[in-house]
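Notebook open, coffee poured. I'm going through this one feature by feature and jotting down what I look up.

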Amino acid sequence: MSLELTVLGCSGTYAGAGNACSGYLLQGGGVNVLIEAGSGSVANLQQHMDLAALDAVVLSHAHPDHWLDLPVLRNAWKYVLDLEGLPVYGTAGTLSLAVLFTSSNDLAPTIAWSTITEGDEIAIGGLSFRFSRTDHPIETLGMRIDSGGTSLGYSADTACGWSFRELGDGIDLALCEATFAADEEERAHGVHLTTAQAGAMARAAGVDRLVLTHMIPTGRPELYREQGSEAFGAQVSLARPHERYEL
Ligand SMILES: [Zn+2]
Ligand SMILES: [Zn+2]
């Protein structure tokens with residue numbers, strides 16, 4: 001086992017009761033990385049580790065359900081834990097908003113910000129990240145993380161114009177957004193995927209295991225699982241808070 005993924009929040013657009021917006025703890029390569037910091041994810045993170053032990057944060061895009069806990073995570077590091085230099089990676093658009101939200105000209109010294117864009121490759125401890133721009137209205141970065149011969153793919157938010165293929169072959173586990181049910185293509189059009197679209201895309205890209213996430217809070221989990229599995233051609237999992245996947 002070289003990667004462990006723990007779901008902290010998996011609600012799409014807003015946090016449903018008992019859930020949080022997007023947030024995933026990735027552990028491997030000797031580091032603890034928070035992928036996405038949606039509302040409520042930092043509270044749930046503390047059920048698994050101390051905030052002080054966080055090695056980095058990676059944010060896919062500037063939509064609020066993916067990063068709004070960053071300013072409060074900064075509060076924790078700055079005013080309570082008295083720590084500096086948390087590496088945070090995100091798009092230029094996310095940086096602009098984060099600076100506004102923290103009422104400062106600069107996120108430093110608490111946050112050591114690095115702007116990332118399509119095609120970038122970064123290393124965090126023993127984890128290698130590669131980013132690919134998805135099909136979403138603002139700059140959004142899907143990502144592949146490799147460690148010790150295993151690979152995780154994450155779609156971030158995307159519509160049908162992007163595929164896990166963009167991240168190369170050999171993805172062991174794909175975490176894919178499936179915001180809407182199969183019969184809601186109209187609502188998803190141009191911004192998000194349905195369950196059926198996510199399953200079909202992951203199948204065509206040849207991923208090994210598929211976990212659906214970013215379901216709208218009004219969605220029916222059983223229906224999402226059933227529709228996703230049918231399109232994927234094998235059983236899919238539906239992300240749930242505190243669920244852990246080992247790769
Ligand atoms: Zn979203
Ligand atoms: Zn989005």
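**A17.** I started with the accessibility of A17: at 87% relative accessibility, A17 counts as exposed. A17 sits in the loop that joins strand 1 (4–9) to strand 2 (23–28). I also checked A17 against R133: they are 116 residues apart in sequence, and their C-alpha atoms are 31 Å apart in space. Note to self: this is a predicted model.

**Zinc, ligand 2.** Which residues hold the zinc ion (ligand 2)? I get H61 (NE2), H63 (ND1), H136 (NE2) and D157 (OD) as protein donors, at 2.2 to 2.3 Å from the ion. Along the chain the donors of ligand 2 follow H-x1-H-x72-H-x20-D. The angles among the four donor atoms run from 90 to 165 degrees, and the site of ligand 2 is classed as irregular. A tetrahedral call would need all angles between 85 and 135 degrees, and the upper end here is 165 degrees. For reference, the ideal angle for four tetrahedral donors is 109.5 degrees. I looked at burial for two of the donors: H61 is buried at 0% relative accessible area, while H63 is partly exposed at 24%.

**Zinc, ligand 1.** For the zinc ion (ligand 1) I find D65 (OD), H66 (NE2), D157 (OD) and H214 (NE2) coordinating at 2.1 to 2.3 Å. The site of ligand 1 is irregular too, with angles of 86 to 165 degrees among its four donor atoms. What links the zinc ion (ligand 1) and the zinc ion (ligand 2)? D157 bridges them, and the two ions lie 3.7 Å apart. The sequence spacing for the donors of ligand 1 reads D-H-x90-D-x56-H. D65 is in the loop between strand 4 (56–58) and helix 2 (70–80), and H214 is in the loop between strand 12 (209–213) and helix 6 (221–232), so this pair ties together parts 149 residues apart in sequence. D65 and H214 are both buried.

**Cysteines.** How many disulfides does a search of the whole structure find? I get zero. C10 is in no disulfide, and the nearest cysteine sulfur, that of C21, is 9.8 Å away. C10 counts as buried at 6% relative accessibility. C176 is in no disulfide either; for C176 the nearest cysteine sulfur belongs to C160, 9.8 Å away. C176 is buried at 0% relative accessibility.

**Salt bridges.** I count five salt bridges in the structure. One of them joins E4 and R244, with the closest N and O atoms 2.4 Å apart. That pair links distant parts of the chain, with E4 in strand 1 and R244 in strand 14 (residues 244–246), 240 residues apart. Buried or exposed for E4? E4 is buried at 15% relative accessible area, and its partner R244 is partly exposed at 40%.

R144 pairs with D146, closest N and O atoms 2.9 Å apart. R144 is buried at 9%, and D146 is partly exposed at 25%. Then there's R225 with E222, meeting at 2.5 Å, N to O. R225 and E222 are both in helix 6, three residues apart, about one turn of the helix. E222 is exposed at 51% relative accessible area.

**Surface patch.** Last stop: Y79, V80 and L81 make a nonpolar surface patch of about 330 Å². Y79 is in helix 2 and counts as exposed at 58% relative accessibility.

Key: Residues are numbered from 1 along each chain as its sequence is written. Chains are lettered from A and ligands numbered from 1 in the order in which they are written. This is a predicted model: local features need pLDDT of at least 70, side-chain atom pairs count only at pLDDT 80 or more; totals for chains, interfaces and linings use all residues. Side-chain values use heavy atoms; hydrogens and water are left out. Donors are N, O and S atoms within 2.8 Å of the metal (3.2 Å for Na, K and Ca); water is not among the atoms, so sites may look incomplete. Four donors count as tetrahedral if all angles lie between 85 and 135 degrees; four count as square planar and six as octahedral if opposite donors are over 155 degrees apart and all others between 65 and 115; anything else is irregular. Buried means under 20% relative accessible area, exposed over 50%, partly exposed in between (1.4 Å probe, protein chains only). Helices (H or I, at least four residues) and strands (E, at least two) are DSSP runs, numbered from the N terminus. A disulfide is a pair of cysteine sulfur atoms within 2.5 Å. Patches are made of residues with over 30% relative accessible area and no salt bridge: like charges are joined within 9 Å, nonpolar side chains (Val, Leu, Ile, Met, Phe, Trp, Tyr) within 5 Å. Accessible areas come from the Shrake-Rupley method with a 1.4 Å probe; for residues, only the protein chains shown count as cover. A salt bridge is a side-chain nitrogen of Lys or Arg within 4 Å of a carboxyl oxygen of Asp or Glu.
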